[in-house]
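I opened this entry to record what I looked up around the ligand and in one of the pockets.

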Amino acid sequence: MNRIALITGASSGIGYATANLLAQNEYHLILVARRKDKLEKIQTELQNNFQTKVCILAEDIRNTMDLRSAIEKLPEEWKHIQVLINNAGLGLAFDSVDEAKLEDWETMLDTNVKSLISVTHILLPYLLKTEDAHIINIGSTAAKQVKKGSSVYSATKFAVEAFTKGLRIDLLDKGVKVTQINPGVVETEFALVKAKGNKELAEKSYSNFTPLYPDDVADAILFALSRPKHVNINDILLTTIVEADINTRIDKIIE
Ligand code: NAP
C-alpha cells in the first residue's frame, strides 16, 4: 500500500524536489503551500509522470484554523497520513539586529516556528493512528551555528531543533520516528524571498561556489524515510564543500 506524506512548502525548492522523489517511490502526497497555481501544476505533473495520487491544500500555514479545517475535510482515504514533512519556511533580509525590521522577524517566527509546531499538533492525531509514522523537520546549518545577520533566522531554526528533540523524546516509544534534516545553502527560491524579490541580490547568493540542489536534500529525506523499522535517523547535516566547516562565514565566501 502506498504511504501518504504531507509536505508543507511543496510549491518550490526542497518541498517540490521531495514531492517529486516521493512520487517516484510510491508515496501518495498531500501538498501544502499558498500558491495554488503552482500546486495545481505540480499535481498534474506528478500524477501524469508517476503512479501517485496528489491532493493539494492551498493554505497559509500561519492560519491554523483554516489548515485544521482543510485537514478535517479531507476524504477518509486521505487521512491515513504516515509522514509529515515540515518544510515550509523562509528567511527575510538578514540585516544586522540594529537595522532589522520587527515585521521580518515576526514573519520568520510565525512561519518557521509557530506554524511548524501548529501543523505538527494538527497532524499528530492522524500520524498516531497509523503504523510507521515519521515526522521530518527541515532545520538548517542555522540550527547549529549563528552567522552574521542571521540572529532571528537562526533563533527560529534553533527552536525547530529543540522542538524536534522534544518530539523524539515523547514520540519514539509511541511508534513515531522523528528526524531533522539540516541543509547548508541550497539553490531555491529561498534567496529571492530573502532578498524580497531583488533578483540581482538573490543571484549573488550562489555566484562563487556550487550550492546544494533541492534534490540533494530530497535524497537525504528519502534516506531517513526508508530505513528499517528499528532505525531512526535523528539528524542529518549536509553542506556544500565550502561550508563543511559550518563556522565558515558564507557571507564572506559570497562577497
Ligand atoms: P523556497 O524555494 O522558497 O520554498 C519555501 C516553500 O515554503 C515554498 O513552497 C513556499 O510556498 C512555502 N511557504 C512559505 N511560507 C509559507 C506559508 N506561510 N504557508 C505555506 N507555505 C509557505 O525555499 P527552500 O529553500 O526550499 O526552503 C524550504 C525549507 O528549507 C525552509 O524551511 C528553509 O528555512 C529551509 N532551508 C533552506 C536553505 C536554503 O539555502 N535554501 C538552507 C537550509 C534550510 P508558497 O510561497 O507558495 O506559500
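The notes below take the ligand first and the pocket after it.

Entry 1. I noted that the model is predicted.

Entry 2. I looked up which residues surround the ligand. I found 29 of them. The closest are Ser-12, Arg-34, Asn-87, Tyr-153 and Thr-188. I then sorted the shell by class and got eleven nonpolar, eleven polar and seven charged residues.

Entry 3. I looked up polar side-chain atoms beside oxygen atoms of the ligand. For Arg-34, such an atom lies 2.7 Å from a ligand oxygen. For Arg-35, I read a distance of 2.8 Å from a polar side-chain atom to an oxygen of the ligand. Thr-188 also places a polar side-chain atom 2.7 Å from a ligand oxygen atom.

Entry 4. How much of the ligand does the protein bury? Taken alone, the ligand exposes 880 Å², and the protein buries 95% of that. I next looked up which elements give two or more residues to the shell around the ligand, and wrote down helix H1 (13-24) and helix H5 (151-171).

Entry 5. I turned to the second largest pocket, whose volume is about 170 Å³. Its lining consists of Met-1, Asn-2, Ile-4, His-28, Lys-53, Glu-77, Trp-78, His-80 and Gln-82. By class, I noted three nonpolar, four polar and two charged residues in that lining. Lys-53 and Glu-77 are the charged ones, because Lys and Glu count as charged.

Technical notes. Residues are numbered from 1 along each chain as its sequence is written. This is a predicted model: local features need pLDDT of at least 70, side-chain atom pairs count only at pLDDT 80 or more; totals for chains, interfaces and linings use all residues. Side-chain values use heavy atoms; hydrogens and water are left out. On a 1 Å grid over the protein atoms alone, a cavity is a set of points where a 1.4 Å probe fits but cannot get out, and a pocket is an open set with protein on both sides within 12 Å along at least five of seven lines; lining residues have an atom within 4 Å of a point. Grid points are joined across faces, edges and corners, and a volume is the space filled by probe spheres set on the points. A residue is near a molecule or strand if one of its heavy atoms lies within 4 Å of it. A polar contact is a pair of N or O atoms within 3.5 Å; within protein, one must be able to donate a hydrogen and the other to accept it, and residues adjacent in sequence count only if both atoms are side-chain atoms. Accessible areas come from the Shrake-Rupley method with a 1.4 Å probe; for residues, only the protein chains shown count as cover. Helices (H or I, at least four residues) and strands (E, at least two) are DSSP runs, numbered from the N terminus.
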